[in-house]
Amino acid sequence: MADLEDQVTISVVDGIMPKNIATIDENGLIGNAVSKEQQQKDIAELKGDVQDMIVSNFKGNITPTDPTPTEDGTYKPSVSSEDDKPTDPSSTADWGKIYPNAGNLRAKTGYDTMFYKKGSIWTRTEVKMPVASPTGSVVKDDPHSVSGGVVYSSLENLKSGQQNIAFSTTTNYIAKTSMVGQVPSLTSSTNWLLSDLIDVVSTDTILRKGSAVSSSSAAAEIYCFDVDGKYLGYYNQNSTSYLVKVSDLFPGTRKIRTNSASSYSGEFSISKTGFIATEAVRNLEKITELNKLVISDDAFTNAISGYLSSTGGLVLGSTSWKLTPPTPVTKDQKILYTGITSSAAYPIWGYDSKLNPVVSLSAQGNFTDKEITVPAGVDFVIAAARNSAGDVQRLTSTHFDQSRVDINAIAKTFVNDSFFPSKTWAKAGEAISLNLNGFVNKHPKDYSRDTFFNSPNGNEDFIRIIPTADVQIPVRQRQPNGVYVILGYVNIKVGINANSPSSALYFMHFGDSTVKGTVNSGIEGAIVNELSRRLTGVGYNLTPATAPAALALTNINFIGTIGDQVIKHEGRGGWSFSDYLNLASKSGATNAFWNTGISGAVKFDLGYYLTQNNFTGVNSTASNLIILCQLGWNDVFTYTPAQIEAFARQWLDLIKAQKSGVRVKLISMQLPPIDIYKDYGTSTRQQSYMSTMQRVMTIARIYEKIASESGYSSWVEHISYMGTFFPDNAYPTTDLTVNKRDSVTKKVYTDDVHPIAAGYAQMADTLFYNILYNYCQ
């Protein structure tokens, strides 16, 4: 059809806008929504205001015993508690740690609390906080992953608090003295309620509620088990409610059980604390921003034993000092340090990105919230402080720029089970070798951790040196993020001279079947006879083809009642501390220290032993007697670490009371071999290398701890065999045909406790170096 000449075209437009259409400010017109640019500007301004307020008004941390502050401003309480917490959750009664120096305000456990002083008026703000996972991280390049860190409970879609664990109970308890390494039996008793097994991981924090269990009870509050349900030990606080980290329980704990008296009227429960982040993608940026604004956690919360040397080196193992983990920092950041140091220990050092020492950030002294500005070139700080009763240690910062930290890399770091004794000994001019596996509990076949002696002639297995003076050898490890960390130092004390003592000394080798020495060597007192040969020329040469020449020192004597060799000993197979304290005889061996004339169950009497055996050279206080105490193998498979430590202390205190001048060397066990193929018969003790090493390190830590304490350090010393022992050619072996279809054999070890003569000789060398250094200079 043809167009009409006067045609009019009409366009119809719907002028009613849908309700879900948003408009922004544009071209002078006012919209109904905030643009992205406006939102970012508002957030930036708010962030700056909040940050300025925190930095300018923050006056430091405060404890309940500090002097009353005089300056107006914000103070962060360092101590919180559940004091006076009402059982009724709807109660409005206040609770928490009282601060008499801050207007009697209270600080509650589980809350982020700040006190604010204005003139004579004190006010408080508090926000309920989620509990952070100790190993949590925000993975930098993965927006779908977020865990741990410090976050505010006000962030949407974050759920925090306690996860109650449902469990059933039976009327039983587990004897806390149950055999370690075995599945324990249950003892029926209507006096107790026992939970079933509860799965845990090392990063869990457990809240246990139930009746307090006395330390004298046969039961315990928490029992610890490995992944197979085998008993590791118990934990007790004699308390009705407390938090404990699984990482502070026994290594390898993967299951727990808890006991409570059936008559207890209070709550009986176990809960895990932590937080769950949902919709992590939306909250990742908010978490990162807020972390920049909060006052950092106290770095001493995760401290280890040790101190900082004058060169920034880490001297690990001393329980008299606390040492923080490396704390990331930025240039011009303000950090606050509280602590006490000495002339030998430095308070705080700065390190570069590879943890190489850069600069000392403070001289020694006694400081409370000393402000330190981080200089250029420092990426991490490590602080140390004295750990005496009443001391306060604190390292915090008022601003932490998280963008400087490679969070993903920090999350990928190794957790190491390592032990560095305070001293190892050597003889000047004589080669000594150190075994890396004696300091770091990793499988000898595991080279994935790139751990090595960081010194000339050192590698990932061992180091061999010929020292001429005291030397400190670091053990370093490369982390997956490329950062090298020092795990610890081997401190070698070198005996320069070889002189006879000025007056007569008497040594007694005391202990178990490794002291007796006949298993796998056939030599009674194998170690002490080789030790005596090296020192005096009198004894038994265990390895004639390779033995170092003997010295001819005088005034060195050995006493004992057992053995057919010229040098006697006091080694009894199968014996432990408890056996010597409580038994007159065992397994056909009599207790030479057993005095029936003493009243009471414990009849161990050192004076009686010396008199009965006519050891008249030992003086009345035994100040010229050194006992080489070598026990542990029978203890560690029978008792918990707490029991072993208690028995050791009981024995030490007893002999000290009997002979005030006596000196003791607590000698911890040697390394086991790998590829153990030992027939234990019907026993369930069969162990892997790693589980045995865990026990060996446990004994070493107990002895080191005792020897470092002020009541013992002047007369007790710990000697560790681990770092100077090489098990490869030290134990009996057999060639085993692995596959019946071929004749290829594999060398396996038929014993993991008793060495052959060459192994006993290594142990004698370790004792020789100690005696030479301490008594023959």
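Mentor: Before we look at the first helix, take the rule that the expected span of a helix is 1.5 Å times one less than its number of residues. Keep in mind also that this is a predicted model.

Trainee: How do you know what helix H10 should span, and what do its end C-alpha atoms show?

Mentor: Helix H10 runs over residues 689–708 and has 20 residues, so at 1.5 Å a residue it should span 28 Å. Its end C-alpha atoms are 28 Å apart, which agrees with that expectation.

Trainee: What makes H10 count as largely enclosed by the rest of the structure?

Mentor: A residue is called buried when its relative accessible area is under 20%. Of the 20 residues of H10, 15 are buried, and therefore the helix is largely enclosed by the rest of the structure.

Trainee: Why is Ser576 called buried, and where does it lie?

Mentor: Its relative accessibility is 3%, and because the limit is under 20%, Ser576 counts as buried. Ser576 lies in the loop between strand S39 (570–571) and helix H6 (577–582). Leaving aside residues up to four places away in sequence, Ser576 touches Leu631, Asn634, Asp635 and Tyr639.

Trainee: Let us turn to charged pairs. What makes Asp199 and Lys255 a salt bridge?

Mentor: The test asks for a side-chain nitrogen of Lys or Arg within 4 Å of a carboxyl oxygen of Asp or Glu. For the side chains of Asp199 and Lys255 the N to O distance is 2.7 Å, so the pair meets the test. The pair links distant parts of the chain, since Asp199 belongs to strand S14 (residues 198–199) and Lys255 to strand S19 (residues 255–261), 56 residues apart.

Trainee: Which of the two, Asp199 or Lys255, is buried, and which is partly exposed?

Mentor: Asp199 has a relative accessible area of 48%, and because partly exposed covers the range between 20% and 50%, that residue is partly exposed. Lys255, at 17% relative accessibility, is under 20% and therefore counts as buried.

Trainee: How do you know that Lys493 and Asp470 also form a salt bridge?

Mentor: Their side chains meet at 3.8 Å, N to O, and the limit is within 4 Å. This pair, too, links distant parts of the chain, with Lys493 in strand S36 (residues 484–495) and Asp470 in the loop between strand S34 (462–465) and strand S35 (471–478), 23 residues apart. Lys493, at 26% relative accessibility, counts as partly exposed, and Asp470 is likewise partly exposed, with a relative accessible area of 43%.

Trainee: Where do Glu645 and Arg649 lie, and what separates them in sequence?

Mentor: Both lie in helix H9 (residues 641–658), four residues apart, which is about one turn of the helix. An α-helix has 3.6 residues a turn, so residues three or four places apart point the same way. The side chains of Glu645 and Arg649 meet in a salt bridge at 2.9 Å, N to O, and Glu645 and Arg649 are both buried. Elsewhere, salt bridges that share partners join Asp94, Lys108, Arg124 and Glu126 into one network. The structure holds 23 salt bridges.

Trainee: Now the sheets. Why are S31 and S33 called edge strands?

Mentor: The open sheet of four strands has the order S31-S36-S35-S33, with mixed pairing. Strand S31 (424–427) and strand S33 (451–453) each have a single partner strand, so one side of each is left without a neighbour in the sheet. From one strand to the next, the twist averages 30°.

Trainee: How do you know that S33 and S35 pair?

Mentor: Pairing needs at least two bridges, and three bridges join S33 to S35, which run antiparallel. One of the facing pairs has Thr451 opposite Gln477 in S35. Helix H11 (residues 757–775) packs on this sheet, touching S31 and S36, and its direction makes about 80° with that of S31.

Trainee: What makes S26 and S27 a pair?

Mentor: The same rule of at least two bridges applies, and strand S26 (residues 348–351) and strand S27 (residues 357–360) pair in the antiparallel sense over three bridges. The bridge partner of Trp349 in S27 is Ser360. Their hairpin has five residues between the strands, and in it Leu355 takes a positive phi near 65°.

Terms used. Residues are numbered from 1 along each chain as its sequence is written. This is a predicted model: local features need pLDDT of at least 70, side-chain atom pairs count only at pLDDT 80 or more; totals for chains, interfaces and linings use all residues. Side-chain values use heavy atoms; hydrogens and water are left out. Helices (H or I, at least four residues) and strands (E, at least two) are DSSP runs, numbered from the N terminus. Buried means under 20% relative accessible area, exposed over 50%, partly exposed in between (1.4 Å probe, protein chains only). Contact means heavy atoms within 4.5 Å. Axes are lines fitted to C-alpha atoms, for helices over the stretch in contact, and angles run from 0 to 180 degrees between N-to-C directions.
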